Amino acid sequence: MPDFAARRTVMVDSQIRPSDVTKYSIIDAMLNVPRERFVPDGLQEVAYLGENIPLSRGRVLLDPRCFAKLLDALDIQPNEVALDVGAGLGYSTAVIARLAEAVIAVEDDLAPEAERRLSELGVDNAVVVSGAPAEGARRHGPYDVILVEGGVEQVPTTLTDQLKDGGRIGALFMEGNLGVARIGYRAEGVISWRPIFNASAPVMPGFTTVRQFAL
């Protein structure tokens, strides 16, 4: 029987702490949320490797380092409401639920399975909304924090408009195979983006740039 608790400790000690993620709340959450419960069946053995894990239709569960560094930069507070965009099978939602007052997870075809897995673990301050991740969940907003769980070429205003003034949004901007994680700060209706670190992930549906062709 695999000792997944020991693997979580190794993940934190070898991938999270060396990446300058030192906030106790994040480390504690990642030590206690069983990542192996939120990967597709048959992939439990690779749940704690330092790489993206495939979900469906080109989507991935972000690697632990990338996810933790985004959380560190977003600095989610216990009195804040977060929007988890493209939550996959619910791992990110379970972690964020330990940091925030409440979290709304948006997912399309994986939503029922994410809801089931979160319920099994007793995550009671999270709500899973079924829908296109790029549309967010306007009726539960506005949000203090938004995290996009995958690559983007652009973030649509349908999503950024759901962020409170003074709020933060994290996303991984891709240019070809190269990506830069950025944190956006909303002030007076305008998002100002700041680069944080390099990483990569497939671009999520709904987050591609519309190409303009000229004749």
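**Salt bridges in the predicted model**

Arg8 and Glu36 are both buried. In this predicted model, the two residues are joined through their side chains by a salt bridge, with an N to O distance of 3.3 Å. The contact links distant parts of the chain, 28 residues apart: Arg8 belongs to helix α1 (residues 4-16), whereas Glu36 is located in the loop between α2 (24-32) and β1 (53-54). This pair is one of 16 salt bridges counted in the model.

The loop between α2 and β1 also holds Arg37. A salt bridge connects the side chain of Arg37 with that of Glu120, at 3.7 Å from N to O. Because Glu120 is part of helix α5 (residues 111-120) and Arg37 is part of the loop, the pair ties together parts that are 83 residues apart in sequence. Glu120 has a relative accessibility of 47% and therefore counts as partly exposed; Arg37, at 36% relative accessibility, is likewise classed as partly exposed.

Within helix α5, Glu120 has a further partner. Arg116 forms a salt bridge with Glu120, and the closest N and O atoms of this pair are 2.4 Å apart. Both residues lie in α5 with a spacing of 4 residues, about one turn of the helix. The relative accessible area of Arg116 is 40%, so Arg116 is partly exposed. Through salt bridges that share partners, Arg116 and Glu120 belong to one network with Arg37, Asp41, Glu113 and Arg117.

Terms used. Residues are numbered from 1 along each chain as its sequence is written. This is a predicted model: local features need pLDDT of at least 70, side-chain atom pairs count only at pLDDT 80 or more; totals for chains, interfaces and linings use all residues. Side-chain values use heavy atoms; hydrogens and water are left out. A salt bridge is a side-chain nitrogen of Lys or Arg within 4 Å of a carboxyl oxygen of Asp or Glu. Helices (H or I, at least four residues) and strands (E, at least two) are DSSP runs, numbered from the N terminus. Buried means under 20% relative accessible area, exposed over 50%, partly exposed in between (1.4 Å probe, protein chains only).
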